[in-house]
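Please open the model in a viewer and keep the selection panel at hand. The stops below proceed from one selection to the next.

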Amino acid sequence: MTTELQSSNVRSIFLLGATGYVGGQVLVSLAHDFPSFPIRALARNITPPKLTQLRALHSKLEVVEGSLSDHNVIEAEAKNADIVINVAAAGDTDSVNAIIRGLQQRSRSYTPTVPPIYIHMSGTGIMGDNARGELIVPDRLWVDTEFDLENIKTKLLTKACEAIVDAGKNGEIRTMIVFPGLIYGIGPGIQKISLPHRFYLNLAAQAGHSGSFGPGRNIAGLVHLKDVASAVSAVLEGALNGGKVGEKIGEGKEGIYFVLSKYMLSMMEFSNIVGDTLFKQGLISKTGSSPFSASIADKAGPFGYNIFGSSQFCRAERLTKELGWSAEHTETESLYDSLPKEIELAVKEMGLQFPKI
């Protein structure tokens, strides 16, 4: 990716999720790829040390006090932004609608119209097959260049994506949605470990062992955190400058970008790595893993089985074909190398207490 834009215009960015796991890495990528673009970042309860951490990631950052429930704040900020990037809660429909309202007002205030850009992050988990830990023959392989949200309307977390695609139909807003697979890697920002990993470790601490949802034969596609952030930059650069040959990139209904590498693993492999790491730390009494009991798995609710008990048979084509992106960091640091370090750090930061062995 080039680090300088063909366009000399400086664009303002409103970022949601800056204090999160993905958001910290996105700030680093934006600082590298779009150094002249100032960022206003929504954040709550920001202390001077946290503000210092954020500005170490991006020097042109200003913090807007607020949370995802502050819809008036979000709408007002979106109205004043050329670009909105949302890597906060993927399925928070109310905050998404506030972004859309603000961007629509911005678009309608220009003559001639200069459509603002909205890049949203969801995840391939919404295409989960509800296999409950089994490896079942897929009904279909999801390919982003052929993907239609109409095919998964009954799945979790689709309403926000549907609203975004609808908002991009009439040309007022240019919308793109990125769908990463299972993200790994230690983040550079305030939140260094992914929410699913932290969620999983809480369950392991309650169970006293590493476990799977069902037999753990289901599989997930992998992608390194740095590749997820570089995909966001690639989509933004494509929206501003065109794709590999200067053509308009996919947006709206065609603005679906899966973010995946060529690598996949079973959730039993994942849970075995966690179990071996916790055993080496003296926190559990056996290596590897075994299925979580129903009492533990049920505490996770639909999120647990959807993320850790489903397979997502997906293939990413649009990023590579249209934008020349590749999962280069996934190639150089595998999950097998990274996950033990993530687990050790997460246990320390979260202060997890395991049953005494």
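Helices, as the term is used on this tour, are DSSP runs of H or I with at least four residues, numbered from the N terminus. The model itself is predicted.

**First stop: a buried alanine**

Select Ala231, which is found in helix 7, residues 225-241. Is Ala231 buried or exposed? Its relative accessibility is 0%, and because buried means under 20%, Ala231 counts as buried. Now display the surroundings of Ala231: setting aside neighbours within four places in sequence, its contacts are Val259, Leu319 and Trp325. Of these, Leu319 merits a distance label, since Ala231 and Leu319 are separated by 88 residues in sequence and by 7.4 Å in space, C-alpha to C-alpha.

**Second stop: Glu322 in helix 11**

Next select helix 11, which covers residues 318-323, and pick out Glu322 within it. Glu322 is partly exposed, with a relative accessible area of 24%. Beyond its neighbours within four places in sequence, Glu322 is in contact with Gly243, Lys244, Ile249, Gly250 and Tyr257. For a further distance label, choose Ser261: from Glu322 to Ser261 there are 61 residues in sequence and 16 Å in space, C-alpha to C-alpha.

**Third stop: His197 and helix 6**

Move to His197, which lies in helix 6. His197 has a relative accessible area of 1% and is therefore buried. Show the residues that His197 touches, leaving out those up to four places away in sequence: they are Leu182, Ile183, Tyr184, Phe270, Leu339 and Glu342.

With helix 6 (residues 195-207) still selected, add helix 10 (residues 301-308); the two pack at an angle of about 115 degrees, with their axes 12 Å apart. Helix 6 is therefore roughly perpendicular to helix 10. The crossing of these two helices is left-handed. Which residues bring helix 6 and helix 10 together? Helix 6 contributes Pro196, Phe199 and Tyr200, and these meet Phe303, Gly304, Ile307 and Phe308 of helix 10. Colouring this contact of helix 6 with helix 10 by class gives six nonpolar residues, one polar and no charged.

**Fourth stop: helix 8 against helix 13**

Two of the residues touched by His197, Phe270 and Leu339, lead to the next helix pair, as Phe270 belongs to helix 8 and Leu339 to helix 13. Select helix 8 (residues 267-280) together with helix 13 (residues 335-350): their axes are 9 Å apart, and the packing angle is about 50 degrees. Helix 8 and helix 13 are therefore oblique to each other, and their crossing is right-handed.

For the side chains, display Glu269, Phe270, Ile273, Val274, Thr277 and Leu278 on helix 8, which meet Leu335, Tyr336, Leu339, Pro340, Ile343, Glu344 and Val347 on helix 13. The contact of helix 8 with helix 13 comprises 10 nonpolar residues, one polar and two charged.

**Fifth stop: an annotated domain and a helix pair**

Select residues 17-102, which UniProt lists in an unreviewed entry as "domain: NAD(P)-binding". Over residues 17-102 the chain is 49% helix and 16% strand, and the end C-alpha atoms lie 18 Å apart.

Then select helix 3 (residues 71-79) and helix 4 (residues 93-108), whose axes come within 7 Å and cross at roughly 35 degrees. The crossing of helix 3 and helix 4 is right-handed. On helix 3 the contact is made by His71, Ile74, Glu75, Ala78 and Lys79; on helix 4 it is made by Asp94, Ser95, Ala98, Ile99, Arg101, Gly102, Leu103, Gln105 and Arg106. By class, the contact of helix 3 with helix 4 divides into five nonpolar, four polar and five charged residues.

**Last stop: two asparagines with positive phi**

Most residues other than glycine have a negative phi. Where does Asn45 lie? Asn45 is in the loop between strand 2 (39-43) and helix 2 (48-57), and its phi is near 50 degrees, a positive value in a residue other than glycine. Asn45 is exposed, with a relative accessible area of 57%.

Finally, select Asn130, in the loop between strand 5 (117-121) and strand 6 (142-143). Asn130 is not a glycine, yet has a positive phi of about 55 degrees. With a relative accessible area of 55%, Asn130 is exposed.

Technical notes: Residues are numbered from 1 along each chain as its sequence is written. This is a predicted model: local features need pLDDT of at least 70, side-chain atom pairs count only at pLDDT 80 or more; totals for chains, interfaces and linings use all residues. Side-chain values use heavy atoms; hydrogens and water are left out. UniProt positions are given in the numbering used here, feature names are shortened, and annotations may be inferred rather than shown by experiment. Axes are lines fitted to C-alpha atoms, for helices over the stretch in contact, and angles run from 0 to 180 degrees between N-to-C directions. Angles under 35 degrees count as roughly parallel, over 145 as roughly antiparallel, 65 to 115 as roughly perpendicular and the rest as oblique. A crossing is left-handed if the near helix is turned anticlockwise from the far one by less than a right angle, and right-handed if clockwise. Contact means heavy atoms within 4.5 Å. Ala, Val, Leu, Ile, Met, Phe, Trp, Tyr, Cys and Pro count as nonpolar, Asp, Glu, Lys and Arg as charged, and the others, Gly among them, as polar. Buried means under 20% relative accessible area, exposed over 50%, partly exposed in between (1.4 Å probe, protein chains only).
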